[in-house]
Amino acid sequence: MAQTSEKKVRTRFAPSPTGFVHIGSLRTALFSFLFARHNKGAHVLRIEDTDQSRLVEGAVANLLMVMGRMGVEFDEGAYVNAEGKLLERGEFGPYLQSERLPIYQKHVQELVDSKKAYHCFCTEERLDALRKEQTALKKPPMYDKLCKSLTEDELQNKMSEFNAAGISPVVRFAMPSEGTTTVHDLVFGDIRYENKLLDDQVILKSDGFPTYHLAVVVDDHYMEITHVVRGEEWIPSTPKHLLLYEAFGWVPTSFAHLPLILNPDKSKLSKRQGDVSVEDFLNKGYLPEALLNFVAFLGWNPKTEQEKFSLEELIEQFDLAKVNKSGAVLDTNKLDWLNGQYIKQKVSHELANLLVPYWVEAGMLHGQLNNLTIKQLEDLPAKREYLEFIATLEKERLKKLSEIGERTGYFFKRPEYEPELLVWKKSTAEDAKEKLQGLITFFKNLPAEVFNTHETLQNSLMEDYIQKNQYDVGSVLWPLRVALTGEKASPGPAEVASVLFRGLGLEEILTRLQTAVSLLSK
RNA sequence: GGCGCUAUCAUCUAAUGGUUAGGAUAAGUGGUUUUCAUCCACUAAAUCGGGGUUCGAUUCCCCGUAGCGCUACCA
């Protein structure tokens with residue numbers, strides 16, 4: 001029927017709320033979102049909280065916050081309201097697996113009744129011993145199906161034994177002993193598995209919760225998911241999922257497995273080898289749009305030479321057929337470059353806003369952007385505009401927002417430096433002193449309106465001054481830079497001067513020049 | 001050990017049964033410049049190995065090799 005292909009696309013992102021958001025999870029969520037949006041479908045957020053021992057308080061709210069910042073949206077499923085309360089929306093709920101227990105139990109019972117699944121009473125000790133034995137014999141460690149062949153009497157006995165002890169047996173899914181199962185993957189193509197090599201997976205745990213394998217199949221079916229987008233590490237369990245679909249008599253979803261994201265040593269991306277959480281990257285001062293663009297290119301590319309993509313463009317161009325199969329090493333060099341590109345594009349006032357937390361962190365500011373005070377020079381006027389000018393100067397130098405502190409200290413605090421630094425390589429201390437004194441006069445004589453216009457970031461007056469006196473450019477600008485910044489690398493000194501003037505006034509410039517002169521006079 | 005996946009510059013990747021194997025990041029060199037950055041130009045840098053198929057394979061097939069993933073009452 002043509003209906004099948006016209007069925008509305010529904011994808012889901014189904015994380016376990018076990019902590020921070022892994023960069024790989026972001027990529028998975030992004031791709032399932034892009035695929036849904038590209039196909040005018042729905043994107044569902046389902047929470048897989050079936051492992052009660054690993055739950056982390058607040059993980060869902062954190063996940064939603066991170067995804068929200070990154071622009072990955074959900075049309076359905078769990079969400080957090082303005083009061084921070086976890087709620088859900090949509091017609092296919094509940095979307096929290098822990099609230100769906102009766103559904104799973106009913107379906108497990110169905111499988112048990114039809115002998116497609118069976119209770120297993122084996123102890124952890126026996127299973128451990130079994131595994132050890134098999135490993136020692138170099139055999140694949142698999143459940144030996146002991147409990148599958150229990151007679152009716154034995155089964156009843158075990159049951160009452162367990163009941164008396166107040167514990168429940170697990171339920172295992174009986175894999176077929178012959179035949180093959182083929183996974184048709186949208187990224188990896190067809191992959192064939194021998195059924196007899198598949199383990200009789202536990203589908204219901206003794207605490208009454210389902211395992212992932214059962215829950216994912218039941219939920220994807222009832223939530224009418226059409227495409228499962230998940231990490232490559234799930235490929236080996238996919239045949240088990242397919243067999244479960246078959247046991248229930250359901251049509252399976254389509255599958256698209258995504259290649260792994262790797263550490264520099266090519267192992268699966270993990271903590272220990274650097275930051276892996278989206279929060280870490282954001283805190284370090286990567287812009288969401290840069291991180292998103294970067295992550296989108298891990299395992300996917302448009303096959304054109306375009307490198308920069310907005311979310312809208314990604315939605316427009318995303319295609320599962322263009323996802324590649326080999327794992328991708330996360331290369332922060334490229335991320336840095338991309339981030340720099342996005343920073344450069346920012347409007348200054350916006351950039352200044354983003355920078356404030358990093359200035360605060362570096363101890364240069366405290367308080368909020370409005371009514372901010374400058375700690376070290378509290379008597380001098382501080383304006384929001386000042387920060388914007390600083391942002392403008394640093395815009396094309398910044399790779400990460402977190403670098404702002406170390407680069408702009410002199411805008412908040414008088415610099416300290418060795419007097420020798422004031423001397424240009426092609427000049428002398430005597431000359432530097434002379435030039436600085438000349439500069440003091442130059443600044444004193446500048447008409448105030450020169451600085452009061454908004455075009456402060458030009459240095460034509462300075463150029464005129466140098467040219468008129470036929471000075472060596474460096475012999476003037478080098479001492480000026482050092483006097484103002486204390487650094488040997490900085491934005492242009494004339495620009496720095498005009499920004500200083502805007503924020504701290506002419507007096508501050510003159511003070512710094514005087515200080516330099518007296519340092520050279522010693 | 002078993003099962004599975006993968007394999008193009010250091011990294012992300014493009015391409016093709018016939019090309020000087022392309023781009024980007026990083027690196028290096030030069031230019032612009034008062035420094036740093038930007039920007040521009042240039043340079044170096046790759047088809048894992050062996051067999052087939054073919055007039056011709058980096059591309060298709062097989063076998064190796066390597067790397068990785070999975071192998072729980074975790075997801």
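This note goes through the predicted model of chain A with RNA strand B, point by point.

1. Confidence. Because this is a predicted model, its scores deserve a look before its details. It carries an ipTM of 0.93 and a pTM of 0.91, while chain A has a mean pLDDT of 90, with 93% of its residues at 70 or more. The stretch to read with caution is residues 367-381, over which pLDDT stays under 50; for these residues the model has 27 contacts beyond four places in sequence.

2. Domain layout. The domain assignment divides chain A into domain 1 (2-96 + 261-329), domain 2 (100-258), domain 3 (346-411) and domain 4 (419-521), so that domain 1 is made of two separate stretches of the sequence. Taken over C-alpha atoms, the centres of domain 1 and domain 4 are 50 Å apart.

3. Surface near the RNA. There are 61 residues around RNA strand B, and those that come nearest are Val202, Ser326, Ala328, Asp331 and Ala489. By residue class, this surface comprises 24 nonpolar, 15 polar and 22 charged residues.

4. Elements that supply this surface. At least two residues each are contributed by α5 (124-136), β8 (189-194), β13 (328-329), α12 (332-345) and α19 (473-485). Among these elements, α19 provides the largest share of the surface near RNA strand B, namely five residues.

5. Helix α19. This helix has 13 residues and reaches 18 Å from its first C-alpha to its last, close to the 18 Å expected at 1.5 Å a residue. Since 11 of its 13 residues are buried, α19 is largely enclosed by the rest of the structure. The buried residues include Trp478, Pro479 and Arg481, as well as the run Val482, Ala483, Leu484 and Thr485. What covers the buried residues of α19 includes α16 (429-445), α18 (460-468), α20 (493-504) and α21 (506-521). Just after the helix, Gly486 takes a positive phi of about 75°.

6. Helix α6, for comparison. Helix α6 (residues 152-165) has 14 residues and spans 20 Å from its first C-alpha to its last, close to the 20 Å expected at 1.5 Å a residue. In its surroundings, however, α6 is hardly covered, as the count of buried residues among its 14 residues is zero, whereas α19 has 11 of 13 buried. Just after α6, Gly166 takes a positive phi of about 75°, and Gly486 does so just after α19.

How values were computed:
Residues are numbered from 1 along each chain as its sequence is written. Chains are lettered from A and ligands numbered from 1 in the order in which they are written. This is a predicted model: local features need pLDDT of at least 70, side-chain atom pairs count only at pLDDT 80 or more; totals for chains, interfaces and linings use all residues. A residue is near a molecule or strand if its C-beta atom, placed from the backbone, lies within 6 Å of it. Helices (H or I, at least four residues) and strands (E, at least two) are DSSP runs, numbered from the N terminus. Ala, Val, Leu, Ile, Met, Phe, Trp, Tyr, Cys and Pro count as nonpolar, Asp, Glu, Lys and Arg as charged, and the others, Gly among them, as polar. pLDDT is the predictor's confidence in each residue, from 0 to 100. Two residues are in contact if their C-beta atoms, placed from the backbone, lie within 7 Å. The expected span of a helix is 1.5 Å times one less than its number of residues. A residue is buried if 20 or more other C-beta atoms lie within 10 Å of its own, exposed if 12 or fewer, and partly exposed in between; C-beta atoms are placed from the backbone.
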